[in-house]
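Colleague: I'd like to learn to read a model like this one feature at a time. Could you take me through a few?

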Amino acid sequence: MTLLRTFATLAAASALATTPLLAQSTYDQVDPMIGTGGEGHTFPGAVAPFGMVQLSPDTDTGHVVRDSYKWAAGYRYSDPTIEGFSHTHFSGAGHSDLGDFLVMPVSGETVPLEPGDAAKPGSGYRSRFDHRSEVAAPGYYAVTLSDPGVRAEMTTGTRVGIHRYTFAAGKAAHLVLDLRSSLYNYPGKILWSSLRLLTDGTMVGARETRGWTPDRQLFFAMRFSAPLTGHAFVSTEQNVAYKGFQGPGRDSDAVAERLGRALVARLDFGRLARPLEVRVAISSVDGAGAIANLASEPGDFDTVRAKTVAAWHTALDVLTLEAPAPMRRNVATALYHSLLAPSVAGDVDGRYRGTDNQVHLAQGFTFRSTFSLWDTFRAEHPLLTLVQPPATTSEIVRSLIASRADSPYGILPVWQFQGRETWTMIGYHAAPVIADAYLKGIRGFDATAALDAMVASATYAPYGGLGEYMKLGYVPIDREPEAASKTVEYAYDDWTIARMAAAMGRRDVAATFGKRAANWRNSFDAKTGFVRARKSDGTFRVPFDPTAINYGSDYTEGNAWQYSWFVPQDQAALVTALGGDAATVAKLDAMFAYDTSKLDYSHTEDIAGLIGQYIHGNEPSHHVAYLYSYAGAPWRTQARLKQIVESQYHPTPDGLAGNDDLGQMSAWLVFTALGFYPVTPGSLEYVIGRPFVDHAVLALPNGKRLTIVAEGLDATHPYVGGVTLNGVSVTKAYLRHEQIMAGGEVRFRMQATPDRAWGGARTDRPYSRSTRD
């Protein structure tokens, strides 16, 4: 424990020495440990804003497929050991993959090449650790590895990761590089891998995997601050033929190059007088790209760390917060998690690997990937338009358009990472991302190509029942699973295409997709008041249970209770269909109050954070609390938001109710804490909720500043008594995008009792196409 305390003290001193003294800096409030426990699936390691390299500890990687969900980010706070540090991770995904190129320090004379059993200390290269030795901050992570007695530190640039290992004096220093290790691991995932030691001491390598995407290729280049005194490149799978190559025997492992499907390297450095630094860069293109990426961000550990910390200050300190410490930490960390994806996926020379698995060149922009669009179109992408320069969103849109051009199918990404498509989830939700950006005035991309890509995605008949959808006006359940969800999500996406087409003067496209935007009605059952799956003969499928959640059934990761509210383009029409304001409010209340004690959702991994049938841990519910405002009862939205925030977000490792989903769960909190939320991306409106911070200042990308003041906010004053914008009373239950971007002050007067009249008039309600278009 003496060694542990010593390293922890040194790390704390180092952090203080290199971190600017900004007492109220949002950077200083971020806690990357939030979400690393429970089912948040975030990782605590080092990453730059939107960085290609996410260098983080993996506490376990060897679980069979049925258990992989819990280790989707590689790190799980409850685990007692660390297996190693790998260079690629997802933040909050509901599916596991990546975990590429695992590195682990080992000290002493014996170097195990297997990770060993977490329950048997010393059985392999994995090590025990104590959370008290961990330090996690944006761009930096450190931990003491108890078994080898090594202090491990991580930092990153955009395309470079740097490890720093301090070995105990007098002990031989080694590294294990395991190319067999991966998240979502299973036999046969590693198709091929290679290791090569160049004459200048640089080590390069690559591997191909078949995991969430088929045939994913990734390359690395690695350099060391001390010379190698010896090495071994070991193949643990013998006599394997692949691509015409026959695997070597084990007569000698001290070779300059080795190829195979199960490679692990031992790297020896002798007894070191100073910490060992390991610089690593990756590329999806080729080894030359990895080497060029490595050279693009020069400097030692402290130099790169200082640059990345400065980048995080720039990104995070656009928002300053005054709130009780727990809320300040929650919101600051939420903003941090919202700035990790879509991540850079192109090399410094502009090359990237596309959907077709070929190499392409991004000219004039940086290619980005990791598009969890079913999640992030809702709030994460709209948030980026407020907290990032327009160039960020422009690059995202250009990357989406480029991916469509590269696609063998000619459509936009669905769920893509490192340029490769997974076909996970439903909809063509790149459309609202592009339309929202265009309608907000963000340019720098080819709008005609963008609209053409949106139309192509919405008319590609083989995808997700679109052929039947275009013929019938709905997706039939007897021909396509999850038909009810697909129908309503397609209809919303269609509306965003119509909106952008109308703004561009493309009346023909606007008319076609404006008509399709009403297709949600074809799945709405007036008798039950729920969106339901219909068969191709027009009848609703029976039996019908609005509480049932079964994968591959009528709904996507949800049931009728969640999906019947998904009409963001025309919530007013849904209110009418449900029988009016009072009936809608009653049904919303029934949703939140539903007794689920006799329901078993244990078979559904993504269903978490239940408040009745409201499921905050999964995205279809995220806009629902704001829907009271469409029925003339904004005060009910205010009450529900208090209930959700207090129960679903905590500044602890298990503080997220469900997967953060590449920033969507976090973006919801950032918006909600400020007092407004984009229920309908593409409408240019934000529904007013209630703030959860006393004071906030948002530095907008146009150079103006928006100040949020919550006058009298405390636990006993949860309701909004009035809102002013620059001193003028706001009577409407929404703010326009141009009002936000104009800056100024939004002041909320909080009170103990609800104001049942404010924002309730029909003319004061948020956008719906049936009442505004």
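**Rings, burial and pairing**

Modeller: Let's begin with two rings: Tyr626 and Tyr677 are both buried. Keep in mind that this is a predicted model.

Colleague: How far apart are the ring centres of Tyr626 and Tyr677, and at what angle are the planes?

Modeller: For ring pairs, look at the centre distance and then at the angle between planes; under 30 degrees counts as stacked. Here the centres are 5.0 Å apart and the planes sit at 15°, so Tyr626 and Tyr677 are stacked. The pair also ties together distant parts of the chain, with Tyr626 in the loop between E32 and H17 and Tyr677 in strand E33 (residues 676-677), 51 residues apart.

Colleague: Which residues do ring pairs link into a cluster with these two?

Modeller: The cluster is made of Tyr626, Tyr649, Trp668, Phe671, Phe676, Tyr677 and Tyr686. Across the whole structure, the search turns up 35 aromatic pairs. One with another geometry label is Trp415 with Phe417, which is edge-to-face at 6.4 Å centre to centre and 85° between the planes. Trp415 and Phe417 are both buried.

Colleague: What about charges over rings?

Modeller: Check whether the charged group lies over the ring face. Arg443 does this on Tyr438, at 3.8 Å from the ring centre. Lys587 does it on Phe530, at 3.6 Å.

Colleague: Now burial. Is His616 buried or exposed?

Modeller: Relative accessible area decides that, and the cut-off for buried is under 20%. His616 has 0%, so it is buried. This residue belongs to the loop between strand E32 (614-615) and helix H17 (634-648). Its side chain makes a polar contact of 2.7 Å with that of Tyr614. Beyond its neighbours within four places in sequence, His616 touches Ala608, Gly609, His622, Ile644, Gln648, Tyr649, Met665 and Trp668. Tyr649 and Trp668 also belong to the ring cluster.

Colleague: And for contrast, is Ala715 buried or exposed?

Modeller: Over 50% is the mark for exposed. Ala715 comes in at 61%, so it is exposed. You'll find Ala715 in the loop between strand E36 (705-711) and strand E37 (719-725). Its C-alpha is 39 Å from that of Phe524, 191 residues away along the chain.

Colleague: How do I read burial for an entire helix?

Modeller: Start from the general pattern: an α-helix has 3.6 residues a turn, so residues three or four places apart point the same way. Then count. Helix H9 (residues 430-439) has 9 of its 10 residues buried, so "mostly covered" fits. The buried ones run through Ala430, Ala431, Pro432, Val433, Ile434, Ala435, Asp436, Ala437 and Tyr438. Among the elements covering them are helices H6 (373-376), H7 (380-387), H8 (390-406), H10 (447-458) and H12 (483-503). Just after H9, Gly441 adopts a positive phi of about 90°.

Colleague: Last one: in what sense does E36 pair with E35, and in what sense with E40?

Modeller: In a regular strand, side chains alternate between the two faces of the sheet. For pairing, read the direction and the bridges. E36 runs antiparallel to strand E35 (residues 695-699) over 5 bridges, and parallel to strand E40 (residues 744-751) over 6 bridges. Ala699 is bridged to Arg705 in E36, while Glu711 stands opposite Arg749 in E40. The E35 and E36 hairpin has 5 residues between its strands, and Gly703 there takes a positive phi near 95°. E36 is mostly covered too, with 5 of its 7 residues buried.

Definitions and conventions: Residues numbered from 1 in each chain as written. Predicted model: local features only at pLDDT ≥ 70, side-chain atom pairs only at ≥ 80, totals over all residues. Heavy atoms only, no water. Helix = DSSP H or I, 4+ residues; strand = E, 2+ residues; numbered from the N terminus. Buried < 20%, exposed > 50% of the residue type's maximum accessible area, 1.4 Å probe, protein only. Polar contact = N/O pair within 3.5 Å; in protein donor to acceptor, adjacent residues only side chain to side chain. Contact = heavy atoms within 4.5 Å. Phe/Tyr/Trp six-rings, centres within 6.5 Å; stacked < 30°, edge-to-face > 60°. Lys NZ or Arg CZ within 6 Å of the ring centre and 35° of its normal. Pairing = 2+ DSSP bridges.
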